[in-house]
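Reader: I should like to understand the reasoning behind the terms applied to this structure. May we take the terms one at a time?

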Amino acid sequence: MNISRWIGQTLLMLQKDIKEEFRSKVALSTLLLFALCTLFLVSFALGGCPLAPHVAAALLWVILFFASLSAIAHSFVREEEKGTALGLRLSASAEVVFWGKWLFNLLLEFLLLLLVVPLFLILFDLRVVYWSDFTVVLLLGTLGLTTACTLLAAIVAKASQQGTLLTILAFPVLLPLLMTVTRATARVIAGSAPLQGNTLLFLGIYPCMMSGLALLLFPSVWES
Amino acid sequence: MWCLFLGFWMTAVTVAAFALTPPVKGLGHLGKIIYFHVPYAWVACLAFACSVFYSARYLRRQALWDDVKAATACELGLLFTVIATLTGAIFAKCTWGAFWNWDPRQTSIFILLLIYMAYFALRQAVPDLQRRYTLSAVYALVAFPTVPLLVFIIPRTTHSLHPNNSVLQMDMLIRMILVAAIVGFTGLFVWLFPKVSAIEYLGRRAQEVDHE
């Protein structure tokens, strides 16, 4: 299969998922409502008290992590529930399915970031010192999160108790990323240090590693 | 027969660890826990590596034995990880004053524990047998890269209270007993592994016969 056909099919996958999402808006609403509720609850509880940078960074990533888990699981679970998984297996190759879903989840994540991050900065009155580093950390962290979660969501789609199981499976796999990204975000908000070389390297390597694993392992999961 | 030799070896190592070795510099007699804690942690990682190896083989060959071995390696690994975490926590209480303070090494052994538990949670949640074996094999492979990241890379990039494992700087006798302990515990794992796998395999075959 040549590259342009492959890309065309992947974009078609993305288009299908977007159209389906627009009909029911389940994933989007889960994502946004969870994030907004958490943000507003914490802001209300704090009642105007300032939030220390490391606490703020932890809060941001807790919101992103849990909101993403609930929404990303949905992309594969929906296929199984509606019975369209078999049709999908017949009409597209495993790689096309994975990357199509990945693109869709990435789109959802970017929407989440666009909504949550400005609100987060406004509600907690944070002034970010290193802006470009902050953006890079957020984008790379989200990329890694999405790639890992999409692969794990495929594993979980065929099991029972999908919601809790995805959290249990995702936490150990994502913890190195979360640890690194939370620390880096805290430093970048506080201004104590700009983004360091080896942190950037790790944040760049993690999505590549997860993509590599997905390329190798997703076909086994999809066809089982 | 060789397990008798292993028994003698382990007895000798235990006696040597308590009686023969000098107190560790800076830690005193408390430092002797390393003769047990380090081998347990090492075998926990080894067990995971075995599980990953057999998981990869299962994905390639789809043979029942490979899945049995992968699951057994995880079972034993879980046991060793729990003991390593507990001995580490005891050591932490004695030297740093608190059982748990999210030191990078403590976090990494905790994550290994979570990986094992997630592996078994996944196995429980999939009713279809072939799918269960495939999905748990895939998960073991997905979780695998995080272990070297956590165990080797992150503790080196961040500040850690954990005693630095500079084996080369240790006293000769301490180093010898430590290596002997590691060899002994690895022998223990190598002895347990085929036995527990055989029990697991027979159990599954018995279930198959029951269903027929």
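Reader: Which residues of H2(B) and H5(B) meet?

Author: In this predicted model, H2(B) contributes Phe48(B), Ser51(B), Val52(B), Ser55(B), Ala56(B), Tyr58(B) and Leu59(B). From H5(B) come Gln130(B), Tyr133(B), Thr134(B), Ala137(B), Val138(B), Ala140(B), Leu141(B) and Ala143(B). Sorted by class, this contact has 11 nonpolar and 4 polar residues, and no charged ones.

Reader: Why is H2(B) called oblique to H5(B)?

Author: Helix H2 (residues 34-61) of chain B packs against H5(B) at an angle of about 130°, with the axes 9 Å apart. Roughly perpendicular covers 65 to 115 degrees and roughly antiparallel begins over 145. The angle of about 130° falls in neither range, and therefore H2(B) is oblique to H5(B). The crossing of these two helices is left-handed.

Reader: What makes H6(A) roughly antiparallel to H5(B)?

Author: Helix H6 (residues 131-156) of chain A and helix H5 (residues 129-143) of chain B pack at an angle of about 160°, their axes lying 10 Å apart. Because angles over 145 degrees count as roughly antiparallel, H6(A) receives that description relative to H5(B). Here, too, the crossing is left-handed.

Reader: Why does the contact of H6(A) with H5(B) count no polar residues?

Author: The residues that meet are Leu151(A), Leu152(A) and Ile155(A) in H6(A), and Leu135(B), Val138(B), Tyr139(B) and Val142(B) in H5(B). Leu, Ile, Val and Tyr count as nonpolar, so the tally for this contact is 7 nonpolar, no polar and no charged residues.

Reader: How do you know that Ile155(A) touches residues of chain B?

Author: Contact requires heavy atoms within 4.5 Å. Leaving aside residues up to four places away in sequence, Ile155(A) touches Leu122(B), Leu135(B), Val138(B) and Tyr139(B), as well as Leu169(A) and Val221(A).

Reader: What makes Ile155(A) and Tyr139(B) members of the largest nonpolar core?

Author: A nonpolar core joins buried residues of certain types through side-chain atoms within 4.5 Å, Ile and Tyr being among those types. The largest such core has 132 residues, and Ile155(A) and Tyr139(B) are among those with the most contacts inside it, as are Phe120(A) and Leu152(A). Helix H5 (residues 94-123) of chain A supplies the largest share of this core, 15 residues. In soluble globular proteins, nonpolar side chains tend to be buried together.

Reader: How many helices and strands does chain B have?

Author: Chain B has 7 helices and 0 strands. Of its 212 residues, 47% count as buried, that is, under 20% relative accessible area.

Notes
Residues numbered from 1 in each chain as written. Chains lettered and ligands numbered in written order. Predicted model: local features only at pLDDT ≥ 70, side-chain atom pairs only at ≥ 80, totals over all residues. Heavy atoms only, no water. Axes fitted to C-alpha atoms, helices over the stretch in contact; angles between N-to-C directions. Helix = DSSP H or I, 4+ residues; strand = E, 2+ residues; numbered from the N terminus. Parallel < 35°, antiparallel > 145°, perpendicular 65-115°, else oblique. Left-handed = near helix turned anticlockwise from the far one by under 90°. Buried < 20%, exposed > 50% of the residue type's maximum accessible area, 1.4 Å probe, protein only.
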